[in-house]
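Work through the exercises below with the sequence and the coordinates open. Each task is followed by a solution in steps.

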Amino acid sequence: MVVTKQIEFNGQPFIIETGKLAKQANGAAWVQLGNTVVLAAVVMDDKPAEDRDFFPLTVDYREKAYAAGKIPGGFFKREGKPSENEILSARLIDRSIRPLFDKKFRNEIQMNVWVLSADKVNDADVLGITAASVALGLSDIPFKSLIAGVRVACLDGRLIANPTFEELEKSNIDLVIAASDESIIMVEGEAQEISEEEMVRALSFGHEEIRKIIALQNQVVGESGKVKKAMPEAESQEELQKEVIALCSQELETLIRIPEKSERREGIQALAEKIQTALAEKYPEKENAIKEIIHETEKNAMRRMVLTENKRLDGRNPDQIRDISIEVGILPRAHGSALFTRGQTQALAATTLGTKIDEQRIEELEGEFRKTYMLHYNFPSFSTGEVKPNRGVSRREVGHGNLAERALKPVIPGDKVFPYTLRIVSDVLESNGSSSMATVCAGSLSLMDAGVPVKDAVAGIAMGLIKEGDRIAILTDILGDEDHLGDMDFKVAGTRNGITAFQMDIKITGISTEIMREALNRAKKARQFLLDKMATVLAQPRPELSRYAPRILSIKIPVDSIGKVIGPGGKNIREIIERTGAAIDISDDGTVIVASVDPEAGEKAAGIIRDMTAEVEIGAVYSGRVKRIMKFGAFVEVLPGKEGLVHISELDHKRVGRVEDVVRIGDEVKVKVIKIDNEGRVDLSRKALLPAPANDKAE
């Protein structure tokens, strides 16, 4: 049975439909806003994966080229591996739905979200969150509660839910929220230095809008939803649990107080192995169960220590930030570099200044555009002391890099002020929590070290949460284990003036607006502390660019002169590049970018181009070269490719019998423009620049 429900959302039809497509999936839903359509289909393996100690959920988000009336580029003419945008959208959906499954659930689940139609007005990514929720709600897969996703923008103080691309372009905030009816689950986005109260206001507004979409989902699921499969009853572990806790709890209380991460991990690992050995005969094939009980006991001990003793794994109090070390200019030949270390988290950032040639060209459903600012984040396995194969850029690296890129974007100068292409690379050398926020700090410092005239410095901090009933502890600058064993990872970045980027993931069903307000206020205090620390090392961008960075000159030429500069087959521009060594890029609007590490070479190339495109002016004086000699005068090239005639009568004040008596081919001569006729012919005079002769007394 086909079920279709519709409401109006931001002045456009918002439609949810099921029962027509992908009927063999456990659940499938069509979600449409305007003429943008996504299809979500979810399937589940019937049997749990016994050998896995994690929830095996996979989310794939793919944009079909036909959705925007396009044929994919390249040789194969079909969709290839996911783009960065598709990876980021898949992560939004994954992070939204993952907390809503039972933590002991082990059946493999695959969620596919496809963009079937893109109207270039409405973004499909937040529709994917809602579509995934509807598909799960319609399915027989056990799932805690329906959720929805909205994007919030703010135009002149007015909040808008699911803005169009045009509205979002004018907004000072781009906030994606996923939430259930009761609480917020996931937050992601960027802003133009907004305040904490503006952020809370946007979150509250977005949550209210989400409730409207959930009400629509309830109608669809109420009419077409399948009966949920019962969760298989777990085998009773009561006796095993008692024995494991009796063997490990006292020792774990001591081990979790070891402040050094590797020493603490080694101690807990050794304890686990000792218990496995002690119980192997009595409880064969219970290795995973014993590991889970030990892990749960460790988690409870850590949370209890924080809530009752106000003390954390490394001995800090909840608001305390780890020791910070900062160095700038650490890489001699990089244009800008910084090493930022916070506790056991360390990021090495390097900024490279390039030219227009280095811009990144991106083709998406919404169209083609170019990026002049990029941040790439790398997370090698040695940063956590692990051995793992290197298999290209991971989804996590793409997501963390995008968050840090967004954090710094509001302070990057515009093309007209600073016509460079900027690339920041952050290599995480150590990690024990919040490497993306260390990347923000290191990236900001590396920009200033390179001499980029950034608007302000940016810093980032990760906030955590321990929540047991009404007892709550908010943690500043969380460790990796506090992220793993806690309930929230809330990253906030910004300047002294306000927030520029944020990302929140939680492991519980949701958190209240009040908790988020408190976390944001504490993050602001921590951010100010970090910015003060950074300012003691480098308070302002360096006044000069690195001597290894290219110097860029921007000049404007008439559009009809572009072909002249380029020349047949690019001959002219190649000659200029060969003569000067400068890199040259010409835009269709006549903007010419000349880049060279040697300033003199750049000026020389720019001068040649100016001369090639300059127009001869009446009254102007030029130093030209004699190109041809005729009986009636000499032709002098005053500008590249532009000649004028010096009539024989204009060579000298005295009478000249032969042109060759005054000038010869190849001579350099100063001349003045005395006339330009309607056909563009130029008359020159050498005589006009010579001193007037004294009066002849004989006359």
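**Exercise 1. Helix 5: length and bend**

Compare the expected span of helix 5 (residues 238-255) with the distance between its end C-alpha atoms, and locate its kink.

Solution. The model is predicted.
- Helix 5 has 18 residues; at 1.5 Å a residue, with the residue count reduced by one, it should span 26 Å.
- Its end C-alpha atoms are 24 Å apart, which agrees.
- Helix 5 nevertheless has a kink of about 40°, centred on cysteine 248.

**Exercise 2. Helix 5: the buried face**

State which residues of helix 5 are buried and what covers them.

Solution.
- The buried residues are Leu240, Val244, Cys248, Leu252 and Leu255.
- An α-helix has 3.6 residues a turn, so residues three or four places apart point the same way.
- The cover over these buried residues includes helix 6 (261-279) and helix 7 (287-309).
- Cysteine 248 has a relative accessible area of 0%; buried means under 20%, so cysteine 248 is buried.

**Exercise 3. Cysteines**

How many disulfides does the structure hold, and is cysteine 154 buried or exposed?

Solution.
- The structure holds 0 disulfides.
- Cysteine 154 has a relative accessible area of 10%, and is therefore buried.

**Exercise 4. The nonpolar cores**

Identify the residues that touch the most other members of the largest nonpolar core, and the helix that gives the most to it.

Solution.
- The largest nonpolar core has 134 residues, of which Ile97, Leu175, Met199 and Phe490 touch the most other members.
- Helix 4 (residues 196-224) gives the most to this core, with 10 residues.
- Another core lies apart from it, with 20 residues, including Val626, Val638, Leu639 and Ile648.
- Not counting residues up to four places away in sequence, isoleucine 97 touches Leu57, Val59, Met111, Ala132, Leu136, Phe143 and Ile147.

**Exercise 5. Threonine 341**

Describe the surroundings of threonine 341 in strand 12 (residues 336-342).

Solution.
- Its relative accessibility is 13%, so threonine 341 counts as buried.
- Leaving aside neighbours within four places in sequence, threonine 341 is in contact with Asp323, Ile324, Ser325 and Gln346.
- With glutamine 346 there is a polar contact between side chains, at 3.0 Å.

**Exercise 6. Positive phi**

Place alanine 22 and aspartate 156 and give the phi value of alanine 22 and of aspartate 156.

Solution.
- Alanine 22 sits in the loop between strand 2 (12-18) and strand 3 (27-33); its phi is positive, about 50°, although it is not a glycine.
- At 36% relative accessibility, alanine 22 is partly exposed.
- Aspartate 156 lies in the loop between strand 7 (148-155) and strand 8 (158-161), with a positive phi near 55°.
- Aspartate 156 has a relative accessible area of 84%, so it is exposed.

Key: Residues are numbered from 1 along each chain as its sequence is written. This is a predicted model: local features need pLDDT of at least 70, side-chain atom pairs count only at pLDDT 80 or more; totals for chains, interfaces and linings use all residues. Side-chain values use heavy atoms; hydrogens and water are left out. A nonpolar core is a set of buried Ala, Val, Leu, Ile, Met, Phe, Trp, Tyr and Cys residues joined through side-chain atoms within 4.5 Å. Buried means under 20% relative accessible area, exposed over 50%, partly exposed in between (1.4 Å probe, protein chains only). Helices (H or I, at least four residues) and strands (E, at least two) are DSSP runs, numbered from the N terminus. Contact means heavy atoms within 4.5 Å. A disulfide is a pair of cysteine sulfur atoms within 2.5 Å. The bend at a residue is the angle between axes fitted to the seven residues ending there and the seven starting there. A polar contact is a pair of N or O atoms within 3.5 Å; within protein, one must be able to donate a hydrogen and the other to accept it, and residues adjacent in sequence count only if both atoms are side-chain atoms.
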